[in-house]
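Here is my notebook page for today, with a few things I wanted to look up. Have the viewer open and follow along.

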Protein chains: 2
Amino acid sequence: MKAELLAIGSELLGPLRAETNSLWLTERLLDAGIEVDGRATLADDLALLESAFRGALSRADVVIATGGLGPTADDLTREAAAAATGRALRRDPSILDGLRARFARYGRTMSATNEKQADVIDGAEALRNGRGTAPGQLLAEGERLLVLLPGPPGEMKPMFDEEVLPRLRARAGATRVVRRRVLRIAAMPESEVDEVAAPVYGRFENPRTTILGAAGQVELHLVAHGDSVAEAEERIEALAVELRAALAGRIYGEDGRELPHVVAGLLHERGLRIALAESCTGGLLSARLTEVPGVSAVLDRAFVTYANEAKVEETGVDPALIEAHGAVSAEVAEAMAEGAMTAAKTDVGVGITGIAGPDGGTAEKPVGLVFIAMTGAAGARVRRNHFPGGRERVRFQATQVALEMLRRGLLGLPPM
Amino acid sequence: MKAELLAIGSELLGPLRAETNSLWLTERLLDAGIEVDGRATLADDLALLESAFRGALSRADVVIATGGLGPTADDLTREAAAAATGRALRRDPSILDGLRARFARYGRTMSATNEKQADVIDGAEALRNGRGTAPGQLLAEGERLLVLLPGPPGEMKPMFDEEVLPRLRARAGATRVVRRRVLRIAAMPESEVDEVAAPVYGRFENPRTTILGAAGQVELHLVAHGDSVAEAEERIEALAVELRAALAGRIYGEDGRELPHVVAGLLHERGLRIALAESCTGGLLSARLTEVPGVSAVLDRAFVTYANEAKVEETGVDPALIEAHGAVSAEVAEAMAEGAMTAAKTDVGVGITGIAGPDGGTAEKPVGLVFIAMTGAAGARVRRNHFPGGRERVRFQATQVALEMLRRGLLGLPPM
């Protein structure tokens, strides 16, 4: 089965942000084994909408429109869909009563303009809207299905899940189940991940794998179909086992948690507390770790030591060390980590010092050069990094590497 | 003039991310006075594409397709557009020579599959591609214009600007210029901004204003048309003057800078240095301020004092104060700001303490309660906030309010 999606509303056609209902619907439809062949965003124009409905209905098995079901003059979805299918609209008395009752509950009288929200395409089934005024509509025309849903995501999503998806599954004969898993890898370029992973996942038709590069990390999206949940899960696991082996400890998560959550969890499990001393990242590592609820059990303080005096005064870095090696050096990174650990009396310390740019780089110490140190009972690990990109990217990558170093250190994996 | 945009390629129809060429084109077209009535993303399917081209060409003055001009079997844009316009494709010998020469430059021989990139719709003009192999195409059919552009943004954008936009401007009779400005307001809900701003901008047809709510701030996008740059700028300024008056000092920027940049700039101009003590925001304010290049002149250190002992040890908060009022209190926020200022010997201090959630709230001190203090020569300002939303939103809003408090304090504006 093939679907086309129409998102209706002139307000969706500005240059500022993309329409999002369609992305959500695409994921839901793919899970039901229905591919989306077209997604359109359309202005509130009757002739345009009628033509678009006609086109989509001539091609797709399922056409789902969102938006344009409100009470105002530019809400034209009902009229356009009726015209495109050559059917009339009839006003449904029970929906009308429901609308009036809803207004009464909020102590208001319904104006006449709202009545058109009770108009249903002849032969269509009205879909209950538990969260707003506009009901949805579902029209079966032989093999084809036309679905009209309200635009607000808070109304559209539950209506789709409760009223539409079961009917689509039945139609698609979808006794097939879909399972998905996302494997995440930090601090490794997308091209390097794909070089290792593609020869593995390329051998699998089911699950299908998509690789998605995000800031400082790469995601492998695995989607498997099966006759049962167990079969789909088994298929996913069969590929995941091989990817884990090929990527040798580089996959940090498969359960939806982001890297800071994974690291905070490892510290928690091991009963270890951490302290941070950040220079070029300016508190970003601390901000990311404290995004994790309950992190106070493992982190009670952190230092942003931007200036040399701050490094000396707050984390006890020996000024002679800065003099000898420069503030951006492996030695100072390690001393910062040690100093933070000592000041906060913790088990683990992290020190980050580098040149985030855009200025401050030299031939010897260019922009993007960042030293990251991790200290603890098992000794110190220091890594020299040269990150590409602008200030924001350099800083974010530095926090990703620091977190990945922590993860590997805590798990007893060798340094990267 | 009305335009429709078709983004072609099955890879654009996944659930993971929205297609972006269309947003960029929409902005460019609006600047040329051409409205976009429809945007579609379409799979690589010949019948689907032909039908979609036919539909769009029956409705719009300009149809612009991106993608599907490559050499592979699923690049079908040329064929579909030719079929929809009832025209033949002819292989252009000079384009063919150009393709061969390009391959030769990279020391490769062109395979036969690449030859179809030299196919041009009968009557269409080929558009030079300086950055890739696929040329674009432009076909005028009476009043209507069909444009085919390559999908990679790095090829599409310059081709549009250099080859297409001048022709569209000429067609639209667009000697008109467009100027835009974005007014930003922090720490004020979108509904409150609009309540004040809508009666003002609603009186203006030119510029047109769009309001956009983002995390912790609201943007007013003003777009003006004029016969000259000066006229368009004058129109923008006429509205901006009124909005500034209506919003009484709440607009923090009109020049593209985000709030941390504005605050860092104010500190810099006044020769003031700042220190931070953050509890629930965990370094997020420091991370945001240090995003600004050159911030080291005004910020040399910051403290994340999550635990009570850290507040006492690092920023000298009196334990009796915590005992008496609780760590989440106006008194402790102010003591943290004072303490950070003293420890770092700066002119200005900020203290933030609150309950970011999801746990830790009580009836008296619920999740979302955050006290923010600013201290300095002009005395202390403390604000009690109760932010809605989850942990991430609470924390971000707290940094926005802290920055807005700093901005107002530094400018000598009264507290919010």
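Are B:Trp24 and B:Phe160 buried or exposed? I checked each residue, and both B:Trp24 and B:Phe160 come out as buried. A reminder to myself before going further: this is a predicted model.

**Entry 1: aromatic pairs**

I searched for ring pairs next, and the count over all chains is two. One of them is A:Trp24 with A:Phe160, an edge-to-face pair at 5.8 Å centre to centre, with 80 degrees between the planes. I call this pair edge-to-face because the cut-off for that label is over 60 degrees. I then looked up where the partners sit: A:Trp24 belongs to helix H1 (residues 21-31) of chain A and A:Phe160 to helix H5 (residues 153-171) of chain A. They are 136 residues apart, and the pair links distant parts of the chain. Both A:Trp24 and A:Phe160 are buried.

In chain B, I found B:Trp24 and B:Phe160 forming an edge-to-face pair, with 5.8 Å centre to centre and 80 degrees between the planes. Here B:Trp24 lies in helix H1 (residues 21-31) of chain B, while B:Phe160 lies in helix H5 (residues 153-171) of chain B, 136 residues apart.

**Entry 2: a glutamate in H13**

I moved on to B:Glu392, which I located in helix H13 (residues 391-411) of chain B. Why does B:Glu392 count as exposed? Its relative accessibility is 56%, and the label needs over 50%, so B:Glu392 counts as exposed. I also took its distance to B:Ala363: the two are 29 residues apart in sequence and 21 Å apart in space, C-alpha to C-alpha.

**Entry 3: where the chains meet**

How many residues does the contact take from chain B and from chain A? I got 62 residues from chain B and 62 residues from chain A. Between them the two chains bury about 4800 Å², with 53% of it on carbon and sulfur atoms.

For the polar side of things, I noted eight salt bridges across the interface of chain B and chain A. Among them is B:Lys345 with A:Glu313, whose closest N and O atoms are 3.5 Å apart. I also noted 38 residue pairs in polar contact across this interface.

Then I listed the elements giving two or more residues to the side of chain B that touches chain A; they include H1, strand S2 (35-42), helix H2 (46-59), helix H10 (308-315) and H13 of chain B. By class, I logged 28 nonpolar, 17 polar and 17 charged residues on that side of chain B.

Notes:
Residues numbered from 1 in each chain as written. Chains lettered and ligands numbered in written order. Predicted model: local features only at pLDDT ≥ 70, side-chain atom pairs only at ≥ 80, totals over all residues. Heavy atoms only, no water. Phe/Tyr/Trp six-rings, centres within 6.5 Å; stacked < 30°, edge-to-face > 60°. Helix = DSSP H or I, 4+ residues; strand = E, 2+ residues; numbered from the N terminus. Buried < 20%, exposed > 50% of the residue type's maximum accessible area, 1.4 Å probe, protein only. Contact = heavy atoms within 4.5 Å. Buried area = accessible area lost by both parts, 1.4 Å probe. Salt bridge = Lys/Arg side-chain N within 4 Å of Asp/Glu carboxyl O. Polar contact = N/O pair within 3.5 Å; in protein donor to acceptor, adjacent residues only side chain to side chain. Nonpolar A, V, L, I, M, F, W, Y, C, P; charged D, E, K, R; others polar.
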